[in-house]
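Here is a short, friendly briefing on one helix and a group of aromatic rings. Take a look at the model first, then read on.

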Amino acid sequence: MRPFPADLAQAQQEWSATYRQLAEQPGSTELRRHLYRLSAQLLFHPYWRQRRPSAAEWWELRELGRSDRDVS
């Protein structure tokens, strides 16, 4: 698995946790807004500045967000 910056991996983990919370509380406007902000943070992170991520890179980042592994 490729190394991602710690803040990018942390944002993905937070995105996954927020998504799970939203599944449990579907009407939560606060959670939807937080998920939207995290999505923008992930998509426009400086790590992607030189090029857009491939599908494989997104998949790896999503898997990292779903895991309990250390991101550093």
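**Helix α3 and an aromatic cluster**

On one side of α3, A55 and W59 are exposed (over 50% relative accessible area with a 1.4 Å probe and protein chains only; buried is under 20%, and partly exposed lies in between). The model is predicted, so local features need pLDDT of at least 70 and side-chain atom pairs 80 or more, while totals for chains, interfaces and linings use all residues. Residues are numbered from 1 along each chain as its sequence is written, and side-chain values use heavy atoms, without hydrogens or water.

**Helix α3**
- The 12 residues of α3 (55-66), a DSSP run of H or I with at least four residues, numbered from the N terminus, span 17 Å from first to last C-alpha.
- That is close to the expected 16 Å, which is 1.5 Å times one less than the number of residues.
- Its buried residues are E57, E60, L61, L64 and G65.
- They sit on the same side of α3 because their arc is only 140 degrees, taken from the directions from the helix axis to the C-beta atoms.
- These buried residues pack against α1 (6-24) and α2 (29-43), with contact meaning heavy atoms within 4.5 Å.

**Aromatic rings**
- There are 5 aromatic pairs, counting Phe, Tyr and Trp (six-membered ring) centres within 6.5 Å; planes under 30 degrees apart are stacked, over 60 edge-to-face, the rest tilted.
- F4 and Y47 are edge-to-face, at 5.8 Å and 65 degrees.
- Their pair ties together parts 43 residues apart in sequence, because F4 precedes α1 and Y47 lies in the loop between α2 and α3.
- Y47 and W48 are also edge-to-face, at 4.8 Å and 70 degrees.
- F4 is buried at 8%, W48 is buried at 1%, and Y47 is partly exposed at 27%.
- Ring pairs link F4, Y47, W48 and W58 into a cluster.

Methods
Helix = DSSP H or I, 4+ residues; strand = E, 2+ residues; numbered from the N terminus.
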